[in-house]
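Me: I would like to go through how the labels in a structural description are earned, with each value set against its definition. Could you take the terms one at a time?

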Amino acid sequence: MSLIFAAVVPNHPKFSGSLSQPKPETQSAQAMKDLEGELYFMKPDTIVLLTSHGAQVPAVANINLATQLTGPSGATFHTDIEFAAHLKEQIDVKQKGLPVAMIAETSVPAEIECPLQFLLNHLSEAKVVVISTA
């Protein structure tokens, strides 16, 4: 598996309150539309989301292994469990000082749901791996 795309995703506070399309005049909205187009072109199998939201064990990085993630609005995303487990295994073997916890939390906050829902609007087959930072 190779890395095909990387981006910093804006997560404007207005986005998490309403999961409707952001107003087109904002720079954040245009950036999200551009990213959505790039992702659609690249058609990734898995999206890895690094976030500061959703950590269950606050002292370490958390990798969510729940099969299906559901946000407050009811949007669902499927986790790439095989990739997440392989990532955890590689971290344990090669980076012994890097603490990582595996969690299985099926509900995710709007701060995670909103960017995923917007960016994966046309990529229903893409799976996600959510890593919450310590």
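**Labels and their cut-offs**

Reply: In α2, the residues Ser 28, Ala 29, Met 32, Leu 35, Glu 36 and Leu 39 are buried, where buried means under 20% relative accessible area, exposed means over 50%, and partly exposed lies in between (1.4 Å probe, protein chains only). This is a predicted model, in which local features need pLDDT of at least 70 and side-chain atom pairs count only at pLDDT 80 or more, while totals for chains, interfaces and linings use all residues. Residues are numbered from 1 along each chain as its sequence is written, and side-chain values use heavy atoms, with hydrogens and water left out.

Me: How do you know that the buried residues of α2 line one face of the helix?

Reply: Seen down the axis of α2, they fall within an arc of 125 degrees, so they line one face; the arc is that of the directions from the helix axis to the C-beta atoms. The face turned away from the buried side of α2 carries the exposed residues Gln 27 and Phe 41. As background, an α-helix has 3.6 residues a turn, so residues three or four places apart point the same way.

Me: What span does α2 reach, and what is expected?

Reply: Helix α2 (27–42) has 16 residues and reaches 23 Å from its first C-alpha to its last, close to the 22 Å expected at 1.5 Å a residue. The expected span is 1.5 Å times one less than the number of residues, and helices (H or I, at least four residues) and strands (E, at least two) are DSSP runs, numbered from the N terminus.

Me: What puts the buried residues of α3 on the same side?

Reply: Helix α3 (residues 81–94) has 14 residues, and in α3 Ala 84, Lys 88 and Ile 91 are buried. They cover an arc of only 65 degrees around the axis, which puts them on the same side of α3. The face of α3 turned away from that buried side carries the exposed residues Glu 82, Val 93 and Lys 94, whereas the cover over the buried residues includes β2, β5 (100–103) and β6 (127–132).

Me: Why is Asp 45 called exposed?

Reply: Asp 45 lies in the loop between α2 and β1, and its relative accessibility is 63%, so Asp 45 counts as exposed. Asp 45 nevertheless touches Glu 125, Ala 126 and Lys 127, not counting residues up to four places away in sequence, where a contact means heavy atoms within 4.5 Å. The C-alpha atoms of Asp 45 and Glu 125, 80 residues apart along the chain, are separated by 7.4 Å.

Me: Why is Gly 54 called partly exposed?

Reply: Gly 54 sits in the loop between β1 (46–51) and β2 (61–64), and Gly 54 counts as partly exposed because its relative accessibility is 32%. Gly 54 touches Ile 103, Pro 109, Ile 112 and Ser 132, again leaving aside residues up to four places away in sequence.

Me: What is notable about the phi of Lys 43, and why is Lys 43 called partly exposed?

Reply: Just after α2, Lys 43 takes a positive phi of about 50 degrees, although Lys 43 is not a glycine. The relative accessibility of Lys 43 is 46%, and therefore Lys 43 counts as partly exposed.
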